Amino acid sequence: MSEPGPTIQIEVLRYRPEQEDKPVWQRYTVPFTDDMSVLQGLQHIKDELDGTLSFRWSCRMAICGSCGMMVNGKPELSCKTFLRDLLPGPVRIEALAHFPIERDLVVSVGEFVKKLEAIKPYLIPKLPRTLAEGEYLQTPAQLEQFEQYSSCINCMLCYAACPQFGLDPGFAGPGVLALLHRYNADSRDGGRDERMPILNAEEGVWSCTAVGYCSEVCPKHVDPANAVNQNKVNSAKDYFLRFLTPKGGRP
Amino acid sequence: MLHLDLRHLGEQKLRERLPQIYELAVEYLGVDPATAPIPVLPAVHYTMGGIIADGSTASTLTGLYSVGECSSVGVHGANRLGSNSLTELLVFGKVAGAAAARHAVTVAHGNGAALGLLAEAARDRALAIVLRQGGGERIATLRREMAQSMEDGCGIYRSAQTMQATCDKLAELKQRCQRVQVDDHSRGWNTEWLLAIELGYLLDVAQAMAHSALHRKESRGSHQRLDGFEQRDDVNFLQHSLAYFTGDDAPRIAYGPVTITHSQPATRAYGAAGEQAEAERKTRETSHV
């Protein structure tokens with residue numbers, strides 16, 4: 001008989017509304033290999049041990065942003081977090097903090113998507129352009145103005161990290177505000193006027209208390225804290241210029 | 001283990017031009033491509049083929065439009081290369097949306113009663129899976145056996161013998177799929193139920209691939225045979241393979257025309273042979289001017 005290989009304990013906070021009134025911890029023992037992500041650990045549970053465990057995932061390579069969860073209390077993409085870094089275990093896994101749990105590790109994303117749609121996360125051309133006029137050109141310096149903020153994969157880890165969002169779910173939040181900045185800072189875009197009211201609102205940049213944990217947990221190095229705090233300056237300018245011209249000095 | 005050596009490009013260029021590969025290597029493998037070769041192995045990247053669609057993304061089923069990785073709109077040929085998905089992204093998404101919207105505003109409502117019956121039948125088929133007690137087959141086991149069989153028969157190099165073995169295996173798995181038993185009998189966020197439904201579709205698509213590959217007695221694009229059909233055969237096989245769903249049996253394979261506007265099929269050669277082919281191509285193009 002072959003020696004049993006190494007294993008690791010994974011504890012998952014389960015919540016099945018058809019079955020439980022409140023979340024309960026459940027412990028699984030999973031075979032461990034050095035290259036296994038937390039997601040692969042969960043997939044082993046679902047495939048071999050307990051098909052009732054529900055979680056979201058898709059790409060397994062930190063592009064789709066769907067496998068965010070709390071791993072040992074920290075917001076992480078489970079595909080990009082490795083069991084080898086969490087030895088000896090047990091590894092404790094919960095649904096992303098600050099979001100309503102639908103079931104097990106699946107949280108409700110509806111409110112987040114509404115906020116995302118509200119900032120018009122797409123280029124709004126300054127002037128209509130015909131095909132004959134060709135493509136928009138951009139210098140490397142202009143690209144650099146927003147490129148970092150375009151790496152957001154909407155994984156919501158920054159929301160789970162944000163104490164302010166935990167207190168006030170109405171707060172637009174780091175991810176959405178970083179994306180708002182990504183479009184406002186793009187030289188091809190003319191949608192600033194439509195986005196400034198969201199930025200300026202009580203639940204826009206001014207709700208941020210500059211904790212900065214959002215940037216620490218961001219798996220794509222977007223640095224939403226930087227985007228939000230740059231826009232406190234923009235919002236203040238917009239406010240004062242409003243006394244001089246009706247549109248806050250915007251053309 | 002095979003290694004991909006990118007060290008000659010240097011860190012700055014790698015970070016600028018291949019940021020995603022750089023990040024994956026560092027964060028997933030702990031390998032810095034600027035200082036060490038990256039271990040690599042072949043993997044399935046993309047399905048070359050899909051729901052057949054015309055230039056407006058309309059499928060052969062009225063009202064169904066397909067776009068993206070599920071679609072075969074006819075622009076990719078026998079070997080879709082990396083990043084050619086940009087065409088899907090930049091062109092056909094908009095086309096599909098506009099075409100589907102046009103169809104939706106012009107089409108008359110169908111027969112509601114008949115549609116209701118179809119919907120009930122579909123619901124009952126899905127419910128049968130989640131309600132089934134016993135059967136004993138596990139989703140992951142069947143999925144793994146399918147993937148291994150596709151790797152063996154429809155991997156990089158192919159022969160009639162290995163492809164036939166895969167076709168036989170898929171038929172067996174399709175039978176066993178009828179006996180899939182789920183742990184989860186609940187109705188809310190039951191992702192195991194979804195996996196069970198998907199398994200049936202995976203097997204349908206695998207059959208379409210394996211049977212069309214077995215019928216294609218030539219080598220072309222990513223379809224490389226080693227059993228006497230090593231060459232491209234434009235006389236008999238410059239055609240799209242069309243797989244028709246037949247229910248529980250294997251798909252029926254037929255052929256449809258290929259439209260070539262600009263790029264004629266050619267040999268993909270590497271090294272010295274590749275340089276010679278490139279020189280000949282240039283001479284040919286110059287002489288046409």
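**Entry 1. Contact between the chains.** I looked up where chain B meets chain A in this predicted model. I found eleven residues of chain B in contact with 14 residues of chain A. On the chain B side, the elements that contribute two or more residues are α2 (19-29) and α7 (191-215) of chain B. I then sorted this side of chain B by class and obtained four nonpolar, three polar and four charged residues.

**Entry 2. Helix pair in chain B.** I followed α7(B) further and examined it against helix α4 (residues 112-131) of chain B; their axes come within 10 Å and cross at roughly 120°. I therefore entered α4(B) as oblique to α7(B). I recorded the crossing of α4(B) and α7(B) as right-handed. For the residues involved, I noted Ala126(B), Ile129(B) and Val130(B) from α4(B), which meet Trp193(B), Ala196(B) and Ile197(B) from α7(B). By class, I have six nonpolar residues in the contact of α4(B) with α7(B), with no polar and no charged ones.

**Entry 3. Sheet in chain A.** I turned to chain A and traced an open sheet of five strands, in the order β2-β1-β5-β3-β4, with mixed pairing. I marked β2 (24-31) and β4 (74-77) of chain A as the edge strands; each has a single partner strand, so one side of each lacks a neighbour in the sheet. On average, I find neighbouring strands of this sheet turned by 35° against each other, direction ignored.

I next checked strand β1 (residues 7-14) of chain A, which pairs with β2(A) in the antiparallel sense over eight bridges. Within these strands I located Arg14(A) opposite Val24(A) of β2(A). I also noted that helix α1 (residues 38-49) of chain A packs on the sheet and touches β1, β2, β3 (68-71) and β5 (91-94) of chain A. The direction of α1(A) makes about 95° with that of β2(A).

**Entry 4. Domains of chain A.** I took chain A as divided into domain 1 (7-107) and domain 2 (110-241). I find the C-alpha centres of these two domains of chain A 30 Å apart. Their contact draws 14 residues from domain 1 of chain A and twelve residues from domain 2 of chain A. On the domain 1 side, I listed β3 and β4 of chain A as the elements giving two or more residues. Of the elements on this side, β4(A) gives the most, with four residues; I had already entered β4(A) as an edge strand of the sheet. I closed with the classes for the domain 1 side: eight nonpolar, three polar and three charged residues.

Note on methods
Residues numbered from 1 in each chain as written. Chains lettered and ligands numbered in written order. Predicted model: local features only at pLDDT ≥ 70, side-chain atom pairs only at ≥ 80, totals over all residues. Contact = placed C-beta atoms within 7 Å. Nonpolar A, V, L, I, M, F, W, Y, C, P; charged D, E, K, R; others polar. Pairing = 2+ DSSP bridges. Axes fitted to C-alpha atoms, helices over the stretch in contact; angles between N-to-C directions. Domains from an automatic or database assignment. Parallel < 35°, antiparallel > 145°, perpendicular 65-115°, else oblique. Left-handed = near helix turned anticlockwise from the far one by under 90°.
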